[in-house]
Amino acid sequence: MISVEHPSEIGAPRWHGPQQRHLHFALDTAEVNAYHEKGFLILRDVFQPDEVEIYRQEAERVVDRAFSLSRDFQLEPKYNLRFEMLADGQPWKIDPFVSISPLFSALARDRRIMDRLASLYDGYEAVLFKDKLIFKPPESHGNGLHQDYNWWQGFPHSLLTVSVALDASTKENGCTELWTGHHQGFLHEPGSLDKGQIDREHLANEEHIHVELAPGDIAIFTCFTPHAAAPNKSNSDRRMLFLSYNDSRDGEHYTSHYEHFRWYRTRPDRTPEAEREKYYFL
Ligand SMILES: O=C(O)CCC(=O)C(=O)O
């Protein structure tokens with residue numbers, strides 16, 4: 001008779017449920033409470049200068065890789081849905097990027113991020129939902145005041161974003177600005193993507209901070225945390241990774257998010273028919 005007990009060679013693997021392992025990079029109680037109260041948390045020196053230098057080089061390589069893929073298929077890079085391009089052909093953003101960068105894919109699962117997120121999810125693991133790299137070259141635009149959930153309506157409320165600074169992020173180069181107020185819930189018009197910004201009157205009594213980061217620092221903020229960023233008025237890029245996750249208790253949504261993303265990037269009411277046919281996702 002074959003025993004159905006767990007064979008000792010493989011132990012008793014757990015693929016779901018609160019972490020049984022020690023969370024080496026767990027947040028402390030004060031940090032967890034501050035995140036839940038304010039809707040954001042800033043952590044310094046999470047990644048070391050030599051690592052960040054490698055990530056900066058990888059950021060450039062990722063663009064070269066995506067451009068050369070387009071050339072191989074004789075497609076114009078500006079129609080690759082991964083990119084938001086500036087008029088001069090420079091990328092402002094690449095979204096997603098982990099699928100063309102094993103290095104960034106490993107970073108998105110680094111325990112220095114994942115353990116901290118498990119602390120925010122009652123010990124449950126976080127699952128990657130979205131990954132974007134904003135280059136924000138000199139003189140390029142910022143973002144109006146919004147909550148990320150506007151673009152993620154229908155997805156779990158446990159969504160949050162970890163921003164990882166590759167360059168120093170300052171008021172001059174348009175650092176992220178965060179407001180308390182996530183407890184107010186969703187402040188955009190539900191069921192619509194048309195109103196991309198929220199009214200500042202909702203935030204009259206909220207705390208507002210400029211998130212100035214050194215390379216290697218991170219910020220974590222909820223999908224209901226109001227935020228914005230001014231244009232880059234400096235003479236160098238402000239490169240920052242934005243990694244978004246949900247609680248694993250809410251399932252896995254990476255593929256369905258990018259299907260939705262692909263749809264809204266080429267919506268028939270916003271994209272001329274002749275243009276729509278040129279878009280691809282490579
Ligand atoms: O670039 C930033 O600092 C903010 C980006 C942002 O708001 C977004 O991508 O939703």
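1. Helices (H or I, at least four residues) and strands (E, at least two) are DSSP runs, numbered from the N terminus. Two strands pair if DSSP finds at least two bridges between them. With these terms, the hairpin of β2 and β3 can be described: 5 residues lie between its strands, and G89 there takes a positive phi near 90°.

2. The model is predicted: local features need pLDDT of at least 70, side-chain atom pairs count only at pLDDT 80 or more, and totals for chains, interfaces and linings use all residues. Residues are numbered from 1 along each chain as its sequence is written.

3. The protein chain holds 6 helices and 11 strands. Its C-alpha trace spans about 65 × 50 × 45 Å along the principal axes. The radius of gyration is 20 Å, which agrees with the value near 19 Å for a compact globule of 282 residues. This radius is taken over C-alpha atoms, and the globule rule is 2.2 Å times the number of residues to the power 0.38.

4. A residue is called buried if 20 or more other C-beta atoms lie within 10 Å of its own, exposed if 12 or fewer, and partly exposed in between, with C-beta atoms placed from the backbone. Buried residues make up 35% of the 282 residues in the protein chain. Contacts (C-beta atoms, placed from the backbone, within 7 Å) between residues at least 6 apart in sequence join, in 85% of cases, residues at least 24 apart.

5. One open sheet has 7 strands in the order β1-β9-β6-β11-β4-β3-β2, with antiparallel pairing. Because β1 (40-43) and β2 stand at its edges with a single partner strand each, one side of each has no neighbour in the sheet. On average, neighbouring strands here are turned by 15° against each other, direction ignored.

6. Within this part of the chain, β2 (residues 83-85) and β3 (residues 91-94) are antiparallel and share 3 bridges; M85 stands opposite P91. Strand β3 is also joined by 2 bridges to β4 (residues 126-134), again antiparallel. There, I94 faces L133, and K93 has I134 as its bridge partner.

7. Helix α4 (residues 111-120) lies across β4, β6 (160-165) and β11, and it runs at about 125° to β4. For such angles, axes are lines fitted to C-alpha atoms, for helices over the stretch in contact, and the values run from 0 to 180 degrees between N-to-C directions.

8. The other open sheet to note has 4 strands in the order β5-β10-β7-β8, with antiparallel pairing. Its edges are β5 (143-146) and β8 (208-210); each has a single partner strand, so one side of each is left without a neighbour in the sheet. Neighbouring strands of this sheet are turned by 20° on average, direction ignored. Strand β5 is linked by 2 bridges to the antiparallel β10 (residues 227-229), and N143 stands opposite A229.

9. Around the ligand stand I134, N143, D148, T176, H227, A229 and F242. A residue is near a molecule if its C-beta atom, placed from the backbone, lies within 6 Å of it. This shell divides into 3 nonpolar, 3 polar and 1 charged. Here Ala, Val, Leu, Ile, Met, Phe, Trp, Tyr, Cys and Pro count as nonpolar, Asp, Glu, Lys and Arg as charged, and the others, Gly among them, as polar.

10. Is E252 buried or exposed? E252 is exposed, because 12 other C-beta atoms lie within 10 Å. E252 sits in the loop between β11 (240-247) and α5 (254-265).

Notes:
Two residues are in contact if their C-beta atoms, placed from the backbone, lie within 7 Å.
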